[in-house]
Amino acid sequence: MYKSPRGTSDILPDDQIYWRILNKNIEKISSEFGYGRIDTPIIEDAKLFVRGIGKLTDIVEKETYTFKDRGDNLLTLRPEGTAPICRAYLQHGMQNSTQPIRLFYMLPNFRYERPQSGRYRQHHQFGAENIGESDPNIDCEIIEYAWRFLKNVGLSKLNLEINSIGDKQCRPKYITTLKEYYNSYTNDLCEDCIRRLENNTLRLLDCKKTECKKIISKAPNNLDYLCDECKQHWELLLLYLSDIKLPYIINRRLVRGFDYYTRTVFEITPKTIGSTTAIAGGGRYDGLIEELGGPETPGIGFGIGMERVILELKNQSIPIPKNNNNKILIANLGLKSKHTAISIASFLRKNGITTILGPSSKNLRRQLKYASSIGSTHVIIIGDDEIQKNKLIIKNLSSGTQDSIPNKPNDLVKMLSNN
RNA sequence: GUGAGUGUGGCCAAGUAGGUUAAGGCGCCAGGUUGUGGCCCUGGAGAUCAAGGGUUCGAAUCCCUUCACUCACCCCA
C-alpha cells in the first residue's frame, strides 16, 4: 500500500480547525503590523540557498531536496523562507520603494532530515521579513510580532531568548578569541565540539554535554566583544523591549544555524518541561541582500513552525472553539420523497445551511443513527405520509422533540439559520 | 549520518520458556424496532501477526536480513 513519504503527513478534516485558527491569526496580526503577504515558488535556483544560507551549513550540505529538471537547471525545494524573499525583493526592485519593506509568508518548507517529534521533512512556516532598516526598533517590532502571534493563538508559558552575535566587524574577532580559548581544551571536548571548533565555532556555546558546559561557563562572553555600534544597537533593543513590557531572557549561548545572521538573534521556546525545541526563531541579516548581489541592505525576520505551534497547543490543552452552526440531515424514505429531499437540500445549502442527504438505502432508524454519529443538530424527515400531506417532520436531535410543519422551504431557512 | 525502542484487522491492543479455529475493546455492517437517533442486546464482515529468508514435525513467538514507525543526537521551525 502507498504511504505518504517519510516525514510528511496528511492534514485530516479533524485537524483542519487548527490550521484555520492559525491562518486567521496570521492574517489578523500581519494586518495590524502592516505587513503584506508574499508567496514564493516552492522551487528555487539551488545557488540561492548556497549563497544565502551558507555552503557549510548542515541545511545546505545534507538537508536540501535538490534535483535537475529536464532543462538541466539545478533546483532546490525551499528549505527556509528568508533567502527566497530577499531574492524577490531584488527581483522586483523593492529597494527602489520607500524603505523598509514589510512582508510576511505562510509556506511549506522542505528539509531532508530524520523526522522526530516536531520535526518533519515538509513543515510550514509563518514568517515575516522587514528589509531596509537597521534601527533596533525594527528588531523590537519583529520580536513583538512573533510573540503576539503566539499569544493570540492561545499559547502561554513561553520564553523569549535573545542574544547579539555582532556584525562583520566584531564577530570575526570574537570567533578568533573563542577559538584561542578552546584550543587549550581540545582534549576535554566532545567529538561534536571538536568538529564545531573548525566549521561552526559559535555553536560550541550551545553544546549540551556536561563536560563541555563547564568549558562554556568560563568562555569569553560575546556581549563583551561587541563593537560600539553593535553594543548600542543591542542596548537600545533591550530598552525598547522594556518599553512594551515584553519579558526577555538574555541567552549568550543562543546562536543560530544560518550563516547570514548578524547582531540580534532570538528564539521563542515553550516552558514545558522536556521540550527545548524552539517554536519560533529569527534574527537580523544585514549582509544577506548584498551576498545575493544587491546593494548593502539591512534586514530582520522570524520564522514560526506551524506544526510545532499545533503540537504546543495540544500540549497545553488549549481549548479550540467549536463550530456551533446547525447541521441538517434530511432523512428520506422511498423514491418519491427522495425528489423532495434533494430539492430541499439544495435550497438549504443555497441559503448557507449545512445540509446532508441521509443514506436513502437505509431505514429511518439507521438514518437517524447516522445523523447522530456525524453530529447533526436537526433531522428533516420526509416519507410517504409527508409527501401526501405536503408536510415535513423536523426533529431537534439534542432535545429529541419534533414537529410536523408545512413544506415551505423559506420557513425552514428561517428556522434553521444560524443567526 | 549515529544511537535506542516498537511493528498483531481501520484504531487501541491480549498472546512471546514454539503446539490444533490468533482473545478482547472501539469503529464498521446487519437485526432486535417493517417510520424515530444517542443507551442496551444479538449476529456478521474484516489479519498473508511489517516483509523476506532460516531453524523445527510445528513459528505471531527462536535466529538472520530488509523495511517502516517513534524517540534522541547532529541540525533545526
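Q: Which residues gather in a patch of positive charge on the surface?

A: Good place to start, and keep in mind that this is a predicted model. The patch of positive charge on the surface brings together Lys 362, Arg 365, Arg 366 and Lys 369. To place one of these residues, look at Arg 365, which sits in helix H13, spanning residues 364-373.

Q: Is Arg 365 buried or exposed, and how do I read that?

A: The idea is to look at relative accessible area: over 50% counts as exposed and under 20% as buried, with partly exposed in between. Arg 365 has a value of 57%, so Arg 365 is exposed.

Q: What residues form the nonpolar patch on the surface?

A: Here you look for nonpolar side chains that are accessible and close to each other, within 5 Å. In this model Ile 42, Ile 43 and Phe 67 form such a patch, with about 230 Å² of accessible area together. Ile 43 belongs to strand S2, residues 43-45. With a relative accessible area of 38%, Ile 43 is partly exposed.

Q: How many salt bridges does the count come to?

A: A pair counts when a side-chain nitrogen of Lys or Arg is within 4 Å of a carboxyl oxygen of Asp or Glu. By this rule the count is 15 salt bridges. One of them joins the side chains of Arg 148 and Glu 32, at 2.8 Å from N to O.

Q: Why does the pair of Arg 148 and Glu 32 tie together parts that are apart in sequence?

A: Check where each partner lies. Arg 148 is in helix H5 (residues 136-152) and Glu 32 is in helix H1 (residues 16-33), so the pair ties together parts that are 116 residues apart in sequence. Arg 148 is partly exposed at a relative accessible area of 29%, and Glu 32 is partly exposed at 42%.

Q: Which parts of the chain are linked by Arg 87 and Glu 44?

A: Start with the contact itself: the side chains of Arg 87 and Glu 44 meet in a salt bridge of 2.4 Å, N to O. This pair links distant parts of the chain, with Arg 87 in helix H4 (residues 82-91) and Glu 44 in strand S2, 43 residues apart. Arg 87 is partly exposed, with 21% relative accessibility, whereas Glu 44 is buried at 6%.

Q: What joins Glu 27, Arg 37 and Asp 39?

A: Compare a single pair first: Arg 203 forms a salt bridge with Asp 206, with the closest N and O atoms 2.7 Å apart. Glu 27, Arg 37 and Asp 39, in turn, are joined into one network by salt bridges that share partners.

Q: Where is the cis peptide bond?

A: For this feature, read the omega angle. Gln 99 and Pro 100 are joined by a cis peptide bond, with omega about 0 degrees. Pro 100 is in the loop between H4 and strand S5 (101-110).

Q: What is the phi of Arg 263, and what is that of Ser 317?

A: Here the sign of phi and the residue type are read together. Arg 263 has a positive phi of about 50 degrees although it is not a glycine; Ser 317, also a residue other than glycine, has a positive phi near 50 degrees. Arg 263 lies in strand S9 (residues 262-270) and is buried at 12%. Ser 317 lies in the loop between helix H11 (306-315) and strand S12 (327-332) and is exposed at 58%.

Q: How far apart do the C-alpha centres of domain 1 and domain 2 lie?

A: Begin with the bounds. The domain assignment of chain A gives domain 1 as 13-169 + 227-315 and domain 2 as 327-416. Their C-alpha centres lie 50 Å apart.

How values were computed
Residues are numbered from 1 along each chain as its sequence is written. Chains are lettered from A and ligands numbered from 1 in the order in which they are written. This is a predicted model: local features need pLDDT of at least 70, side-chain atom pairs count only at pLDDT 80 or more; totals for chains, interfaces and linings use all residues. Side-chain values use heavy atoms; hydrogens and water are left out. Patches are made of residues with over 30% relative accessible area and no salt bridge: like charges are joined within 9 Å, nonpolar side chains (Val, Leu, Ile, Met, Phe, Trp, Tyr) within 5 Å. Accessible areas come from the Shrake-Rupley method with a 1.4 Å probe; for residues, only the protein chains shown count as cover. Lys and Arg count as positive and Asp and Glu as negative; His and the chain ends are not counted. The place of a charge is taken as NZ of Lys, CZ of Arg, CG of Asp or CD of Glu. Helices (H or I, at least four residues) and strands (E, at least two) are DSSP runs, numbered from the N terminus. Buried means under 20% relative accessible area, exposed over 50%, partly exposed in between (1.4 Å probe, protein chains only). Domain bounds come from an automatic or database domain assignment.
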